[in-house]
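Dear colleague,

Please find the structure we discussed below. My notes on it follow directly after.

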Amino acid sequence: MRSAPLTRRDLLKAGLATGAAAMLPSSLTAASSASNPIVAENRREGARDWQLTRVRVDPVPNTSGREAYRSSTIEGYCSRQSVAAGETIEFMVSTSSAARFQIEIFRNGYYGGRGARHMTTLGPFRGTKQPEPAAGDRRLVECSWASSASLKIPADWLSGVYLGRLTTLPERADQPYWQSYVVFIVRDERPADILFQCSDNTWQAYNRWPTTFSLYDDGTPSMTSTPWVDASFDRPYGKYRQIYDNPQSVGSGEWLCWEFPLAYWLEAQGYDVTYCSQADMLTPARGLKCKTFLSVGHDEYWDERSYHAVAAMRDAGVNLAFLSGNSVCWVTPFGANARGVPNRRIHREAPYGGMSTEPGFNEKKMYSKIGPDEGLLMGAVNVIPVNGGGDWIVAKPEHWLFAGTGLKKGDSIPGLVGWEYHGKPAKIPGLEVVAEGTAWKSGTQPQRWAATVYPGPKNNWVFNAATIFWSQALSSPPGHMLPWSHWNRPHGPDDRVQRIMTNFLERCGVAPAR
């Protein structure tokens, strides 16, 4: 059965089109859903109402009031980062006072431009205030809340990122309702063209819930990068704490900020994609079933086992794409929580090797070890400073990556570099610098960045796009907010970047369903 072709007006409404030659998501005009479950899934009816509407965060005591992360009116977390069909996940929810609430579960995707599908609603439940844990050794804040609800994942729920929208249900018409999210990943073991790794270690590393308890908070007023702090997945995600104020991040980590635009675009095109948590990548087993592995957005924190797993995948012929910035920066081992559940705590153990050689890296003396060189995996290292903003400037327009884009040497994608990136190219045989330029820290301090491509050992490829903002040029899903940092901002969907992505995936033997 063939769907009606999408028009340019459809694409503009869906946040996919720019310029005069935006690509059609051809997979949705005709596709074999039997061979690609993403196509069949995205033909299902999307939800009109899945975003947060009424969100309130609590100001941190003894601050100017600008610091606010926690949504104590209703907040929660999940018992696991990822879960497979047939397994059970638990939701721990707290309300500031006794109140009824419900949990609506949505899967994020394309869904005709709506961005999510409603899967089920749990409840109503009776909410109560659950205890705020005291900070323990190494400033660890780890909740042990009672389970409010559980869900056995149905067999037909496709791999993806799922949001649970928590909503209070007022007893009277003159009372307001309040909302926040929980987030989890449904994983699978099927062979797929693309494995999309969510950057959930980094979401947690920057999570300040309830007030100032991220991996960057050692009790002093400034952000620090010390080895003396732990962070736990057993707590809600507070509002995103870095470069912009995004209410949609309350409970959802950094997923909607930096990663969802890529997932939305991939599923709109009909690419065969499956999803995983970083806790699922401690061995190469999952990735070896897929053609291409994606690191996405803000992917700073990696267990060293993941580094070696992804390197083994590359050596076995899996393609890698680092559509991210400041990636593979800190060695971050997993640990068990107080109940012995594995992979529920992280800490900063060491810097990866490339960044540790940078002249401006002053934290090296704090660490007793150094991790392997991230540049030998990605194609470029993390530089100091690693933040700023600038244009993504083409250096080698004759490269196959740019076929059909019309880009010439020196042409640029405005504002696409930021707010963190990769710099000095690694010494790898066959590596090519395909784009390079200057990022400006605080708008004035220059730093060089470089995007690279190098060949793997088995006719596979490794692409380093060198910017957290890469996904911003692929789509603008419902509710998406473009960032602004270091006096620099990307412009949103760009058909040239979409074509670059298509070219890379095509070279990897990956094509949308047709």
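Gly509, just after helix H8, adopts a positive phi of about 80°. The model is a predicted one, and this should be kept in mind for everything that follows.

Helix H8 itself covers residues 495–507. With 13 residues at 1.5 Å a residue, H8 should span 18 Å, and its end C-alpha atoms are indeed 18 Å apart, so expectation and model agree. Buried positions in H8 are Asp495, Val497, Gln498, Ile500, Met501, Thr502, Asn503, Phe504 and Leu505.

Turning to the nonpolar cores, the largest comprises 93 residues. Within this core, the residues with the most contacts are Phe196, Trp255, Leu266, Trp392, Phe463 and Trp470. Helix H4 (residues 255–269) supplies the largest share of the core, 11 residues. A second core, separate from that one, has 25 residues, among them Phe293, Val310, Val331 and Met378.

Trp255 merits an entry of its own. Setting aside residues up to four places away in sequence, Trp255 touches Asn108, Val161, Leu163, Phe196, Cys198, Trp203, Phe260, Ala263 and Tyr275.

Finally, there is Ser356, which belongs to helix H6 (residues 353–356). Is Ser356 buried or exposed? Its relative accessible area is 6%, and because the cut-off for buried is under 20%, Ser356 counts as buried. Beyond its neighbours within four places in sequence, Ser356 is in contact with Pro351, Phe361, Lys364 and Ile370.

Yours sincerely

Terms used. Residues numbered from 1 in each chain as written. Predicted model: local features only at pLDDT ≥ 70, side-chain atom pairs only at ≥ 80, totals over all residues. Heavy atoms only, no water. Helix = DSSP H or I, 4+ residues; strand = E, 2+ residues; numbered from the N terminus. Buried < 20%, exposed > 50% of the residue type's maximum accessible area, 1.4 Å probe, protein only. Contact = heavy atoms within 4.5 Å. Expected span 1.5 Å × (residues − 1). Core = buried A, V, L, I, M, F, W, Y, C linked by side-chain atoms within 4.5 Å.
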